[in-house]
Structure formats: structure tokens, C-alpha cells
Amino acid sequence: MLDRFGEAISVVLGALALAYLVYEIDRRKRKLRDLFHVLGSEDADISAELVDMVESGELQPYTRGAGA
Amino acid sequence: MPKSLSGSRSSRRLRARPGASPKRAAAPATEDSVRPDVRDEMMMSDAPTVLDEPPAPVSASGECASAAMVIELPARVRKGGRPQKYKPPAYPRFRIFIIDSGWNSVARRVLRHNFALIRRLRKEDLIYLLSRRKSVEFIDRHRSLIGRDPIIAVHDLEAIGTHGTTGFHGFHLHLGILRTPRQSLMALQTFARFVTTHRHSVNLEAKIRTGLRREGMLGAVEILLHSAPRALGG
């Protein structure tokens with residue numbers, strides 16, 4: 001009886017440890033995805049506006065001592 | 001008759017900093033922290049030009065032999081004193097935009113302190129620095145970016161030239177979501193290393209997904225084993 005109880009406890013603890021590991025990796029991956037955001041079609045309007053600002057001459061490349 | 005406060009203040013400031021150039025005094029505060037190298041050059045130019053020799057032995061006639069030994073070094077020629085004409089890079093792969101609306105965040109301070117170094121490392125690419133006003137207006141039009149700035153937006157010119165902005169065309173580094181100076185510095189260093197090493201990459205998107213975002217099983221192992229992605233992941 002005690003053996004089975006001990007086994008059940010260790011299985012539950014192992015599952016909890018594994019779940020925490022998976023959760024932690026997923027959390028860190030989400031943070032990295034948010035930090036390094038890949039630009040795709042959903043960001044087209046954001047990028048297109050920056051491209052327009054460059055092409056219209058509103059933004060100039062940064063040189064020493066000159067900002068936008 | 002009481003003296004004008006503004007007049008006395010300005011004259012006192014002039015006396016306190018006799019060597020300061022009027023152009024620099026008039027420069028906006030943002031330039032001061034953005035360009036620490038210029039400040040270093042200015043400080044270096046104030047170095048003495050006469051080398052102090054140790055006292056020489058007095059000769060039998062009583063004359064000090066060191067009188068003729070004073071070596072005068074040539075005045076330091078300041079490099080870059082005259083602004084050189086800007087030459088755009090011949091084959092830029094990336095356009096890098098820096099968007100910063102001015103939240104008082106640690107990431108902003110880290111970015112400002114290291115901007116000159118990033119600029120030097122990324123000479124081959126075009127860097128566009130949006131002013132605070134333009135950044136605020138831009139973020140106001142794209143509200144999903146609120147709280148994520150300072151943002152370093154990297155546009156892959158090859159991808160944009162091929163299919164415009166409809167597919168993959170670069171990435172954003174959202175520095176504003178980081179909370180500690182160490183995280184911000186590591187993210188900046190990771191960004192600089194990545195952009196430098198993958199400048200000629202054919203499949204940049206795959207490199208970003210595996211190299212920066214640690215996607216897939218290998219990425220999970222790296223998150224667990226390596227300190228940099230672990231620290232960046234919070």
C-alpha cells in the first residue's frame with residue numbers, strides 16, 4: 001500500500017516538474033518572440049509607412065551630428 | 001536698480017566654461033548622450049602638450065641641464081574636427097530605424113549610451129533615427145507599439161526588393177519590454193552580433209527564428225543551457 005502511494009506521489013511530482021519546465025520554456029520563448037518580432041504581412045502598414053518616410057525624403061540616414 | 005537675472009546668469013555660465021564652444025552649448029540635450037565619443041575627443045584635446053621631464057642633475061657650473069631638455073610635443077591634431085561629407089554605404093543590406101518616443105526606461109538609457117558603438121559597427125547599413133516628435137506621431141498611428149519602444153526596426157532590403165512588405169521583410173527589436181539594464185545590453189549585443197554575422201544570409205527569416213527566437217526543440221535546449229537566451233527570456 002505504501003509502495004503504491006509513494007509511486008503515485010513521485011509520478012505526480014515528476015509530472016509537475018515536467019509541466020513547470022514546459023511552461024517555463026514556453027514563457028521564455030514567448031518573451032523572445034515578443035522581443036525579436038518578425039515582420040510579416042500583418043506589419044505591412046507599419047513598415048510601408050517607414051519606407052514612405054524614407055522615399056519621400058522625410059527621413060535622412062543618420063550621420064554624425066545629424067538626426068532625423 | 002536690480003540687475004537682470006538672465007544677464008548675470010549667462011555671463012556666469014560663460015565664465016564657468018571658458019573652453020566650451022558655443023555650438024556645443026547650443027546643441028540639444030539628446031546629442032550629448034548619443035555621442036559620447038565626441039565628448040571623449042574634446043576631453044582628450046585638453047591634454048597638456050609639454051612633457052614633464054624628471055629633474056636633471058645640476059652641472060658643475062650650476063646650470064640646470066634640463067633647461068634644454070624640455071620636449072615640446074606637436075599639438076594634437078583632432079581627427080574628425082571638420083565634418084566629412086557623408087557617403088552612403090555602397091551595398092546596404094538593411095535599413096535600421098530607431099523609434100523612441102522617450103519613455104524614461106532603462107532600455108532607453110542603455111540604447112543612448114551605446115548608440116555610437118552600434119553606429120560604428122553598422123557602417124555598411126543605413127540608420128534612420130526618428131526624432132521624439134516623429135516617434136510619438138508614428139506610435140500614435142500604430143498603437144500596438146505603445147510601450148514597446150525604444151524599437152529598432154530592421155528592414156531587409158533584399159526581401160523588400162523582392163516582394164515588398166507583404167511577406168517577411170525584417171524584424172523589430174522591442175527593447176522597451178525589457179526591465180533591467182543587463183537584459184537591454186544583452187539584447188543590443190545580440191542584435192548587433194546577429195545583424196553583422198547574417199548580413200549575407202540567404203534565408204534571414206529562418207536565421208531569426210532559430211538564432212534569435214530559439215524556436216524548435218533545439219531552441220528549447222538552448223534556452224535551458226545558455227545564459228544569454230535564458231536571461232533575455234526573463
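**Exercise 1. A helix and its length**

What should the 16 residues of helix α5 (residues 106–121) of chain B span at 1.5 Å a residue, and how far apart are its end C-alpha atoms?

*Solution.* Keep in mind that we are working with a predicted model.
- Step 1: The expected span is 1.5 Å times one less than the number of residues.
- Step 2: For the 16 residues of α5(B), this gives 22 Å.
- Step 3: The end C-alpha atoms of α5(B) are 22 Å apart, so the two values agree.
- Step 4: Now follow the axis: α5(B) bends by about 55° at B:Asn114.
- Step 5: Look for the buried residues of this helix, which include B:Ala107, B:Val110 and B:Leu111. Part of what covers the buried residues of α5(B) is α8 (181–197) of chain B.

**Exercise 2. Buried or exposed?**

Find which helix holds B:Lys207, then decide how its exposure is classed.

*Solution.*
- Step 1: B:Lys207 belongs to helix α9 of chain B.
- Step 2: A residue is buried with 20 or more other C-beta atoms within 10 Å, exposed with 12 or fewer, and partly exposed in between.
- Step 3: B:Lys207 has 14 C-beta neighbours inside 10 Å, and therefore counts as partly exposed.
- Step 4: Leaving out residues up to four places away in sequence, B:Lys207 touches B:His198 and B:Ser201.
- Step 5: For a distance, take B:Phe194, 13 residues from B:Lys207 along the chain: their C-alpha atoms are separated by 8.9 Å.

**Exercise 3. Strands and the core**

Work out how β1(B) and β2(B) pair, and which residues have the most contacts inside the largest nonpolar core.

*Solution.*
- Step 1: β1(B) runs parallel to β2(B), with 4 bridges between them. B:Ile98 has B:Leu129 as its bridge partner in β2(B).
- Step 2: Check the two faces of β2(B). B:Leu126 and B:Tyr128 are buried on one side, and B:Ile127 and B:Leu129 are buried on the other, so both faces are covered.
- Step 3: The largest nonpolar core has 41 residues, and B:Ile96, B:Tyr128, B:Ile152 and B:Leu173 have the most contacts inside it.
- Step 4: Zoom in on B:Ile152. Apart from residues up to four places away in sequence, B:Ile152 touches B:Ile96, B:Ile98, B:Leu173, B:Leu175 and B:Phe191.
- Step 5: Here is a general idea to take along: in soluble globular proteins, nonpolar side chains tend to be buried together.

**Exercise 4. Where two chains meet**

How many residues of chain B are in contact with chain A, and which element of chain B gives the largest share?

*Solution.*
- Step 1: The contact involves 42 residues of chain B and 29 residues of chain A.
- Step 2: Among the elements giving two or more residues to this side of chain B are β1 (94–99), β3 (151–156) and α10 (216–225). The largest share, 5 residues, comes from β4(B).
- Step 3: Sorted by type, the residues on this side of chain B are 22 nonpolar, 13 polar and 7 charged.
- Step 4: Strand β1 (residues 36–39) of chain A pairs with β4(B) in the antiparallel sense over 4 bridges. A:His37 has B:His172 as its bridge partner in β4(B).

**Exercise 5. An unusual bond**

Which kind of peptide bond joins B:Asp149 and B:Pro150, and where is B:Pro150?

*Solution.*
- Step 1: As background, most peptide bonds are trans.
- Step 2: The bond that joins B:Asp149 and B:Pro150 is cis, with omega about 10°.
- Step 3: B:Pro150 sits in the loop between α6 (132–141) and β3 of chain B.

Conventions
Residues numbered from 1 in each chain as written. Chains lettered and ligands numbered in written order. Predicted model: local features only at pLDDT ≥ 70, side-chain atom pairs only at ≥ 80, totals over all residues. Core = buried A, V, L, I, M, F, W, Y, C linked by C-beta atoms within 7 Å. Contact = placed C-beta atoms within 7 Å. Bend = angle between axes of the 7 residues up to and from the residue. Nonpolar A, V, L, I, M, F, W, Y, C, P; charged D, E, K, R; others polar. Pairing = 2+ DSSP bridges.
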